[in-house]
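Reader: Please take one part of this model and look at it closely. I would like the packing inside the protein and then the surroundings of the ligand.

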Amino acid sequence: MDRFDLLILGSGSTAFAAALKAQELGKTAVMTEERIVGGTCVNRGCLPSKNLIEAARLLHDAQHPRYPGLSSTRPKLDFARLVAQKDEVIHEYRKKKYESLVGDSIRIEKGHVRFLDPHAVEVGGKRIEGEKVLIATGARPVVPPIDGLAELPYLTSDLLTSDEPMELSELPASLLTLGGGYIALELGQMFRRFGSEVTIVERSGEVLSRGYEPEVGPAVRAILEGEGIRVVTHATVRSVRREGFGVVAAVETRKGVEEYRAARLIVAAGRRPNSDQIAIEKAGVSVGRNGQVLVDQYLRTNVPHVFAAGDVIGSETGSQMATPVGSHDGGIAAHNALSDGEPRTADHRVIPRTIFTDPQVAVVGMTEQQAIATGHTCWCNTLPISLVPRAGAIRDTRGIIKMVADAETDEVLGVSIVSVSAGEVIHEAAMALRFRAKLRDFIDLLHVYPTMAEALKIVAISRFKDPAKLSCCAD
Ligand SMILES: Cc1cc2nc3c(=O)[nH]c(=O)nc-3n(C[C@H](O)[C@H](O)[C@H](O)COP(=O)(O)OP(=O)(O)OC[C@H]3O[C@@H](n4cnc5c(N)ncnc54)[C@H](O)[C@@H]3O)c2cc1C
């Protein structure tokens, strides 16, 4: 039997942040893991996807130079070698940022973990006890109940994993993606650029229809369709079957049932918290309707010594399933569990997010609809990115920017950007929201010329004058 100050279920970025905080406080911690140490982000999420998405962008740009005077070339694609270099990057990063941190005061126990009682779990045949407990078991792909799906080999967002059998090592000639959320769009565009035929089947009327401004989905969709991706909306996959070496999906659309064929099927219908396979009832911890572990502002569950953070708390209470949120909150949960100091609250008011399509989608704060629903009178405006001098200078005018502000106070409440470098630019908006900046603050800040960040200044100016009639530095 082993007893630790902090018993952590999981070993992802949330768990590691908590274990490091425990170490900093002079306490002992143990993590538990049934797959690969480091969890989703490093092994099969952020890192491998961003590595390969950048390779696909280089390939695409070489074939489609934006500048007259540059001729297109076709670099030879060795997909297996690309996958191998991705694995090397992951191995190195995992060693440096995860495995090397495990030592005397931080341990890892391998195996499937289950609660035995509120202070103890069973993992790898061992009983382990914790004075305090953190649930950080993350989330997994939702697999919808579709006729025939169980009999087919299908891919999920786990397809970029390394050291696991579900890793995809051969480029499929064609792909059918079930779902039009951020993972489907990132991977769909990446595979299209590598040369696969890609079809995205989305149940609602638009991609990115939930939680995003209504202007974002159509802007992204037009760009993806321009690259040859087929996007089918108002479409529900009813059944799937194998045909030869590929799959056929019967899809109900507004035109009736249509059949779509592809070499491989990717199920990208969202992610659900991993709270259902850990005997959570033995700890007495409450979960919500979608499986999210319910926590208060201190990340404490209904059982006072049990905390939860990361993907496993879902996004229903304003959090987001994203690595920086989990790792920030993991540290807070460990502090609240182990420190005698003042408890810290998890602040989910300002969470910048990026979808790594090309161009990127980056958002922070409220959408217009959310602002109105929370009682604000809104001023908001959407502008084409072509108004930004840098966009014109580098011949990449794809995208839009939308700003939402309170019409009475001019406090900026939310920003959505579809543009090149949007994931960098959004940090200025996030900092502004954090300090409750107003439209004038964006206007009065000197911006480097010519940068994409000037988009924020230009859209703020549009509250007062015509942004099409500005001189060079948006003044
Ligand atoms: C394709 C993809 C791309 C992504 N890209 C980004 C991105 O660019 N930026 C970003 O911020 N986020 C991204 N994310 C999301 C990000 O990866 C997650 O939000 C983050 O990894 C969650 O961390 P976590 O520690 O909460 O959970 P995880 O990292 O999932 O860790 C939980 C761990 O617990 C283990 N576990 C679960 N149940 C048990 C059990 N019963 N017994 C033992 N072990 C168990 C799991 O195996 C897992 O390793 C992406 C996700 C995917 C799938």
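Author: Start with L9 in this predicted model. L9 touches T32, V113, F115, V121 and V133. It also touches L134, I135, A136, T137 and I278. Residues up to four places away in sequence are left out of that list.

L9 belongs to the largest nonpolar core, which has 46 residues. L9 is among those with the most contacts inside this core, along with L6, I8, F115, L134, I135 and V285. Several elements each supply at least two residues of this core. Among them are β1 (2-9), β4 (113-117), β5 (120-123) and β6 (126-135). The helices α1 and α7 do so too. A second, separate core has 38 residues. I53, L159, L187 and V207 are included there.

Now the ligand. Of the 37 residues around it, E33, T40, K50, V113 and D311 come nearest. V113 is also one of the residues that L9 touches. The shell divides into 11 nonpolar, 19 polar and seven charged residues. α2 gives the largest share, four residues. Other elements that each supply at least two shell residues include α1 (13-24), β2 (29-33), α3 (46-63), α5 (182-194) and α7 (323-338).

Specific atoms pair up here. An oxygen atom of the ligand is 2.8 Å from a side-chain N or O atom of K50. A ligand nitrogen atom lies 3.4 Å from a side-chain N or O atom of Y182. At T323, a polar backbone atom is 3.0 Å from a ligand oxygen atom. On its own, the ligand has 1,000 Å² of accessible area, and the protein covers 94% of that.

Definitions and conventions: Residues are numbered from 1 along each chain as its sequence is written. This is a predicted model: local features need pLDDT of at least 70, side-chain atom pairs count only at pLDDT 80 or more; totals for chains, interfaces and linings use all residues. Side-chain values use heavy atoms; hydrogens and water are left out. A residue is near a molecule or strand if one of its heavy atoms lies within 4 Å of it. A polar contact is a pair of N or O atoms within 3.5 Å; within protein, one must be able to donate a hydrogen and the other to accept it, and residues adjacent in sequence count only if both atoms are side-chain atoms. Accessible areas come from the Shrake-Rupley method with a 1.4 Å probe; for residues, only the protein chains shown count as cover. Ala, Val, Leu, Ile, Met, Phe, Trp, Tyr, Cys and Pro count as nonpolar, Asp, Glu, Lys and Arg as charged, and the others, Gly among them, as polar. A nonpolar core is a set of buried Ala, Val, Leu, Ile, Met, Phe, Trp, Tyr and Cys residues joined through side-chain atoms within 4.5 Å. Buried means under 20% relative accessible area, exposed over 50%, partly exposed in between (1.4 Å probe, protein chains only). Contact means heavy atoms within 4.5 Å.
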